[in-house]
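Biologist: I'm new to this one, so could you pick a single stretch and take a close look at it with me?

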There are 2 protein chains.
Amino acid sequence: MRRRLADVSTPARLASSGEGLGRDELALAARNHGLPLEAMRYDVTPPGLHYVLTHYDIPHVPDAAAWRLTVRGRVRRALSLSVEQLRIRPSVTTRLTMECAGNGRALLSPRPVSQPWLVEAVGTADWTGVPLRLLLDEAGVEPDAVDVVFTGADHGVERGVEQDYQRGLSLDIATGDRPEVLVAYGMNGAPLPPQHGSPLRLVVPGWYGMAQVKWLRDITVVDTPFTGFQQSVAYRIKQETEEAGEPVTRIAPRALVIPPGFPDFMSRTRVVAPGPVLLEGRAWSGRAAVASVQVSTDGGRSWHRAELEPDQGHRWAWRRWSYRWSAVPGDHELIARARDEAGNTQPLEQPWNRGGFANNRVQRVPVFCPDPGPTDPT
Amino acid sequence: MRRRLADVSTPARLASSGEGLGRDELALAARNHGLPLEAMRYDVTPPGLHYVLTHYDIPHVPDAAAWRLTVRGRVRRALSLSVEQLRIRPSVTTRLTMECAGNGRALLSPRPVSQPWLVEAVGTADWTGVPLRLLLDEAGVEPDAVDVVFTGADHGVERGVEQDYQRGLSLDIATGDRPEVLVAYGMNGAPLPPQHGSPLRLVVPGWYGMAQVKWLRDITVVDTPFTGFQQSVAYRIKQETEEAGEPVTRIAPRALVIPPGFPDFMSRTRVVAPGPVLLEGRAWSGRAAVASVQVSTDGGRSWHRAELEPDQGHRWAWRRWSYRWSAVPGDHELIARARDEAGNTQPLEQPWNRGGFANNRVQRVPVFCPDPGPTDPT
C-alpha cells in the first residue's frame, strides 16, 4: 500500500495512566523551551529566556529586506509592504506577557500527548510595531468583511494536514484598539530574533500564543468565518474528539511563585533555611486586570493576601507580588492563586480538556526547610 | 525520623526498559533547552538558540559592577578584579562550538535519568575575554601548584551534596595556550546574558560544557588534585556506580544534519519532495580538526563523502558540510558521520556509560518522500 503524507502524522491521543513521556514529546521539549522560573525576577524577560513554541521549523529568512507583507482579500487597495515601509509608519510599543495555550498540559491526567509544558510557557517583552487597524484602514476593508486571516512562513504537517501556520481574528478584534493588535518588527528595542518571528509577527495582547502568528507574510480579509486547521480543529476546548468545542482565546489568570531558596538538581525540590523568606512571583490575566493574589504555604489549608506591586501602567504585562513567610523546619507546599477584576480565578483542581488548553490550575511548589541541628551538613 | 538535606536528592539511577520520561526529567528539559537543529544554518548561533544547561538556578546578579573575581590560593599575589578591570586587560575572541557532555543521553538504553538530551545540546558563539594564563601570570603561581579550581555562584544540592558549582583544570591546561582558556565577559559582542554566566564565565575551547564554569567568582590554585563533586563523582565515564571511572574532558567528534524539507509537528518526521535535495549540516571535534564527513541516505548501507566548507580559521568552531542527494519516493534514513584528524570517529552503536556522557553515536534522521501521484494532497 502506498504511503501517504498523512502517514507521517498520528492522530491526537491521550497518554495512558502512568505512561511516561515519549520520545516525540521529548523532541518538542528539547527544541522549544520555557522560562526558567527564577527569571520571573526581571520585569522584561532577557533575550533567550522568554518561552518559545514553534509548530514546525523556524523559517530560513536569508534577507529580511526582501520580505514582503501582503494585505489583501476584501479590501479596496491591496498592500505589499517591506519591513522598512512598516518602520516609517506610526508605531506603538506594548509590554506584554505572552503564554502558550498549552501551558500546564503535562500536569494533566490523562495527559494530552503534545508539547509537554509544566507551568513555564510564559515570558514578557516590549513589542514594537504598527497598529493593525491602521494597516486595515489604509487598505480599506469592504463592508462584507467578517474575519482577518494571518499566514506565517512556517510550514509543516500536523495531524495529517499539510499547512502554513494560519490563524484568524474577527474583524472587530483585528480593528479594535482594546487591545491594540500590532504587526510587530521589534522585541525589546531590537529586531525580532529568528525564533520570535523575524522579521514580522502578529501581537495580540491578552491572547494565548497561538494567536501571535510569527513570520507573518500575509493578511487576508475574508467574508466568511475562517475555518483553518489551527482555528477549527486544533486550539479548541473539548472533551471528546468529535465535538466542535469552544475556541481558545484570551489568557486565563495565573500566578506563579519564583521558587525560593536553592534547588536539588534532579528533583527540583527547593531548600530554604528556617526564618524569614520573601516569597515573590508574578500574576497576569488576559481577561481583565489582576485584582489580587492569595498565597498558601501549607498546600492550600490556609491562605494569605499577597502584596501586589503598584500598577506600572502596563495593562498587558504581569504584575509582581510578594508575601513575607517565616519558614520553619519541615516540608511545605507553596501555592499562589490569582484573581482578576472580572472575577476569574484559578482552580485548585484541573479543568481538563482534550487538548490541554487554557489550563490554569494553581502551581504547587514543594519546599524543604531543614532542621538546623548540629548533625545537619548545612 | 528527622529528614535531612540529602533526602530531597535521590541517587543517580537508570530508567528501566521501556520506562518513559519522568516529571523530574521533564522539569529539566522544560527549563534547559537545545539548539533547534535548523538553526545550524547560522555560523554563529543567534541569541536564545544556543543550548543552555544550568545545574541549579540562574543566580541573581542585581549589580554586575559590584561583581568581584578573586584569584587566590597557591599564588604570590591574590587578585580581586571587577569586570571593568578585566575589560581593560588584553583580550581574545574565540569562535567556539560548545556541547553538553550529556548530549545524546536520552537515546541511550538503558537511559541514565538526568537532563534528557537527544542530540541538540550544542551551539556556537564568539566568546571574548582575558586569557586565563595572563591572570595566573599576574598572580604568580607557586611552584607546588597542581590544579586550578573554578567556583561559580550557582548553588544547589546534587545527589545529596550541597555545593557551589566547581570544576578544576590541571595547571598545564589552565596556563596553556592550545587552547587558550578565557575568563569571558562577552558573547557575540555583547555582555554575557544571565543564562550564559553573566557577568563572567570560564571558556575552555574543545572541552564539554561542564568545564565552562558560569557565574565565575573565584579561581583558586591548589597544590593537591581537585576532588570536588563535579570532578570526581559526576562527569566520570564508568559502567558501575562504585568505579572511579575516567574523567569527561574533550568533545568527541560529531556531525549533525540540518533536517531537510519540513516536519510533522508531533513525530518530527521530515517530508521532502522527490528530486534534488541539498543536505547540509555541521561537524566538530574538540580533540582535533574535522577531517571528513560521510553521509548515508539509506540508514548506513552505503556512504558518500560530503563536501567540507573550506576552513575559515576557526579551529574551535563547527564546520559546515554539504551533500547533494536525489530523493526518490519512499522512506529514508539520513546519517552523517564525522572523523577528526586524530582518527576519532562516531560509533554506529551506542558507547554506553552510566552517566550518559560523551556519547557521540551517529544521529539518524527519518525522512519521508511522498509519491507525487495525482491522489497525493501535496
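Modeller: Let's start at A:Asn188, which sits in the loop between strand 7 and strand 8 (190–191) of chain A. Helices and strands here are DSSP runs numbered from the N terminus (helices are H or I with at least four residues, strands E with at least two). Keep in mind that this is a predicted model, where local features need pLDDT of at least 70, side-chain atom pairs count only at pLDDT 80 or more, and totals for chains, interfaces and linings use all residues, while side-chain values use heavy atoms and leave out hydrogens and water. Residues count from 1 along each chain as its sequence is written, with chains lettered from A and ligands numbered from 1 in the order written.

Back to A:Asn188: its phi is near 55 degrees, positive even though this residue is not a glycine. It counts as partly exposed because its relative accessibility is 30%; buried means under 20%, exposed over 50%, and partly exposed in between (1.4 Å probe, protein chains only).

On the other side of strand 7 (182–187) of chain A, a loop runs from helix 4 (171–175) and holds A:Pro179. The peptide bond into A:Pro179 from A:Arg178 is cis, with omega near 5 degrees. Over in chain B, the bond from B:Arg178 to B:Pro179 is cis too, with omega near 5 degrees.

One more loop, between strand 9 (201–203) and strand 10 (216–222) of chain A, carries A:Trp215. Its phi is positive, about 50 degrees, and it isn't a glycine either. A:Trp215 counts as buried because its relative accessibility is 1%.
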